[in-house]
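I opened my notebook to look at one model piece by piece. Come along and check each entry against the picture.

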Amino acid sequence: MSSGTSVPGGGGGSTVVLGEQDVARALTRIAHEILERNKGGADVVVLGIPTRGVPLANRLAERLAAVEPGVEADRIVGALDVTMYRDDLAQHPTRAIGQTVEPAAGVDGKVVVLVDDVLFSGRTIRAALDAINDLGRPRAVQLAVLVDRGHRELPIRADYVGKNLPTSTSERVRVRVAETDGSDAVVIEGGH
């Protein structure tokens, strides 16, 4: 188990709390929980929030399709850019605008599972809820996150969590995914 190992040359104290196998197991468990809660995958679509929520959503869709007959991963997955819906654009005006890709199955009448890497203040998810309204009218919206680190500023909670990770506000939680970072890991940096 990679839980709690230091990162060599991490400077300032970096600790790996989830390794590659831990991330894989968490995504598999979340996929099963989604299917169980929704009594199958017939009406489920998965929307990843850029940047790292998108590859996580793709992997989740693949796991749903592997378990549930009739679910096609490429038809149920999409990406939801929330940049223009954020309430902190004034503080971060140089934020790059990403792309929203609606799943082939659409969102109207579907159960939309939003996927993000880390749930922190809840502001990204609030923006995502606004962005979904412009796409259509889902029957329900659920939230899956790899890491819930607490410190919510809004009344938002995840329906599916890979790992609850109590942190101090001075720490940073970094999620690395193989698709963009070369490997899978969740790392806590800093503190004190």
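I started with helix 4 and looked for the residues that face outward: Asn133 and Asp134 are exposed, on the other side of the helix from its buried residues. I kept in mind that this is a predicted model.

Next I looked up which residues of helix 4 are buried, and I found Ile125, Ala127, Ala128, Ala131 and Ile132. They span an arc of only 155 degrees around the axis, so they sit on the same side of helix 4. A handy reminder for my margin: an α-helix has 3.6 residues a turn, so residues three or four places apart point the same way.

What covers the buried residues of helix 4? I noted that the cover includes strand 3, strand 5 and strand 6.

I also checked the length of helix 4. Its 13 residues should span 18 Å at 1.5 Å a residue, and the end C-alpha atoms lie 19 Å apart, which agrees.

Then I turned to the sheet. Its 5 strands are ordered 4-3-5-6-7, with parallel pairing, and the sheet is open. Strand 4 (77-79) and strand 7 (160-164) stand at the edges with a single partner strand each, so one side of each has no neighbour in the sheet. From one strand to the next, I read an average twist of 25 degrees.

I zoomed in on one pair: strand 3 (residues 44-48) and strand 5 (residues 111-119) run parallel, joined by 5 bridges. Val45 has Val112 in strand 5 as its bridge partner.

Last, I looked at the records. An unreviewed UniProt entry annotates residues 112-124 as "short sequence motif: PRPP-binding". Over residues 112-124 I found 15% helix and 62% strand.

Methods:
Residues are numbered from 1 along each chain as its sequence is written. This is a predicted model: local features need pLDDT of at least 70, side-chain atom pairs count only at pLDDT 80 or more; totals for chains, interfaces and linings use all residues. Side-chain values use heavy atoms; hydrogens and water are left out. Two strands pair if DSSP finds at least two bridges between them. Helices (H or I, at least four residues) and strands (E, at least two) are DSSP runs, numbered from the N terminus. Axes are lines fitted to C-alpha atoms, for helices over the stretch in contact, and angles run from 0 to 180 degrees between N-to-C directions. UniProt positions are given in the numbering used here, feature names are shortened, and annotations may be inferred rather than shown by experiment. The expected span of a helix is 1.5 Å times one less than its number of residues. Buried means under 20% relative accessible area, exposed over 50%, partly exposed in between (1.4 Å probe, protein chains only). The arc is that of the directions from the helix axis to the C-beta atoms. Contact means heavy atoms within 4.5 Å.
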